[in-house]
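I opened my notebook to look up a few things in this model. Here is what I checked, entry by entry.

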Amino acid sequence: MPSGLSSILEKKDHDRSDILAMLQCSEEEAPLLYRKAAAVRDRYVGNHVYLRGLIEYSNICGKNCLYCGVRRDNSRIQKYTLTNDEVIEAAMTAHKLNFGSIAIQSGENSSKVFVDNIEELVRAIRKLTGGELGITLSLGEQTRETYRRWYEAGAHRYLLRIEASSESLYRRVHPEDEMHSFYHRLDCLRVIQETGYQTGTGVMVGLPYQTMTHLADDIIFMRDFDIDMCGMGPFIEHSDTPLGVRGTDNLFLRERFNLTLRMIAIIRIIMKDINIVASTAMQTIDPAGREKAISCGANVVMPNLTPARYRAGYLIYEGKPGYREVNETNISGLNFEHMPGMTLGRGTWGDTPHYRRRLSKE
Ligand code: SF4
C-alpha cells in the first residue's frame, strides 16, 4: 500500500490539496519528493545545469520594496551604474568561458537614457558574439514598447518575479502606492509573455505573513500562467529595510531553505519541462544550497560576473555570496560530487522545451 505522498506523486494532475500535502510532507518523506522531482527533470529537460552569467548593471532603483536592500530609500549603499564597456567586458568573459547565456539585472529604471542604453547594449552583445550568447533581462516593470524594443534588439528571456501571487500578501511587503501595484506587475508579466519572451517569474519563500496556502497558490499561479522559467528563493532579511528586523513569527532561515527545496521540487513535478534556477539565496543559507536545489529539480545557476568592486552595492538581501571572481577552472562554482549524474551545459543557450511547446499551442 503506497504512502500518502507516494500515491500523490503517482498522480498525473495535482490539485491544491495535493500541493499542500507535498509542501507539508514529513522530513522522512521529503527525499521521496526530491528524488521524483530530479527524475522528472532528467526526463523532460535532461541532466544538465545551464549557466547564466549574471551582470548586475545598476543598483539605482525607483522603487521601495520593503524587503530589498537596493530600495530607493536605502541611503547606506553607494549607488552605481556599470559603464557600457564594463557590461561588454563581462559579457565577453561569459562568451570566452562558454557560458552560453548572460542575465542582465538592475534596479528598476524607465528613463529614456536607461531604456536606450539597454537596447544598445543588447544589440552590441549580440553582434560581438555573433548571436552565440543568449540574453536574459531582469529589469523590472516597463512599457509594452520598451519590452518590444529590447526583444527586437535580441533579448529573448525576461524574468519578472511576482514575489507573492496573493494580492493581499503582495501589498503587505510593498509600499501602498501606485508605484507598487500588484495588478500592474501582473499586466507587465502578461505583456512580457505576449511580446514573445521566454517568461520567468517566481516568489519569495518564508515571507512574513505568508502561509502554506499562499505557497500552494503560488505554484498554481505559475502553472496557470504557463511560465517558462522559475526563480524562487528564501526570503532573507536585510537590516537596512523595513522588513529587515526578524519578526517573532518569521520562520527560521533553515525552515525557509527547506520549504524552498520543496517548492522547487513541486514546481518541477507539476511543470516538468521549464527551467528552474538554483538561486544564490540558497547558497547564502547553506554553502551547498545550490547543489541541494539542483538535486531537487533545479537546472540553472547564475554565477556572478559583475565587476567585484560593485558587488557590495547590490545586496538585495544580506550575506549574499559571490564576492569572488568567477574561477576559470570551475566557472559554475558548483560541486558536482554533490550531484551525481549531473553535467554542466556549456556553450548553449539552454532554452526550455516548454517554451517551444507553448508556442506550438498558440
Ligand atoms: S526588489 Fe527590485 S524593484 Fe524592488 S526595490 Fe529591490 S531592486 Fe527595486
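**Entry 1: cysteines**

Is Cys65 buried or exposed? I looked up its relative accessible area, which is 14%, so Cys65 is buried. I kept in mind that the model is predicted.

Cys65 is also one of the residues around the ligand. I wrote down the others in that shell: Cys61, Lys63, Tyr67, Cys68, Val70 and Arg71. By class, I noted five nonpolar residues, two charged ones and no polar ones.

Next I asked how many disulfides there are. The count is zero. A disulfide is a covalent bond between the sulfur atoms of two cysteines.

Why does Cys230 have no bond to another cysteine? I checked its closest cysteine sulfur, which belongs to Cys296. The two sulfurs are 13 Å apart, so they are too far from each other for a bond. The cut-off for a disulfide is 2.5 Å. Cys230 is also buried, because its relative accessibility is 1%.

**Entry 2: the cavity**

I then searched for closed spaces. The whole structure has one cavity of 30 Å³ or more. It holds about 120 Å³ of space.

Which residues line this cavity? I found Cys230 again, together with Arg52, Thr136, Leu159, Met229, Gly231, Asn275, Val277, Val300 and Met302. Strands β8 (229-234) and β9 (275-278) each give at least two lining residues. The largest share comes from β8, with three residues. I sorted the lining into six nonpolar residues, three polar ones and one charged one.

**Entry 3: the second largest pocket**

I moved on to an open space. The second largest pocket has a volume of about 460 Å³. I counted 20 lining residues. Nearest the centre of this pocket are Lys12, Tyr44, Ile269, Ile270 and Lys272.

Which helix supplies the largest share of the lining? It is α3, with five residues. Helices α3 (30-44), α10 (253-271) and α13 (353-361) each supply at least two. I also noted the classes: eleven charged residues, seven nonpolar and two polar.

**Entry 4: strand β1**

Last, I traced the partners of β1 (residues 48-51). Strand β11 (residues 343-345) runs parallel to β1, and three bridges join them. Within this pairing, Tyr50 has Gly345 as its bridge partner.

Strand β10 (residues 300-301) also pairs with β1 in the parallel sense, over two bridges. Here I found Leu51 bridged to Val301. I added one general reminder: in a regular strand, side chains alternate between the two faces of the sheet.

Notes: Residues are numbered from 1 along each chain as its sequence is written. This is a predicted model: local features need pLDDT of at least 70, side-chain atom pairs count only at pLDDT 80 or more; totals for chains, interfaces and linings use all residues. Side-chain values use heavy atoms; hydrogens and water are left out. Two strands pair if DSSP finds at least two bridges between them. Helices (H or I, at least four residues) and strands (E, at least two) are DSSP runs, numbered from the N terminus. On a 1 Å grid over the protein atoms alone, a cavity is a set of points where a 1.4 Å probe fits but cannot get out, and a pocket is an open set with protein on both sides within 12 Å along at least five of seven lines; lining residues have an atom within 4 Å of a point. Grid points are joined across faces, edges and corners, and a volume is the space filled by probe spheres set on the points. Ala, Val, Leu, Ile, Met, Phe, Trp, Tyr, Cys and Pro count as nonpolar, Asp, Glu, Lys and Arg as charged, and the others, Gly among them, as polar. A residue is near a molecule or strand if one of its heavy atoms lies within 4 Å of it. Buried means under 20% relative accessible area, exposed over 50%, partly exposed in between (1.4 Å probe, protein chains only).
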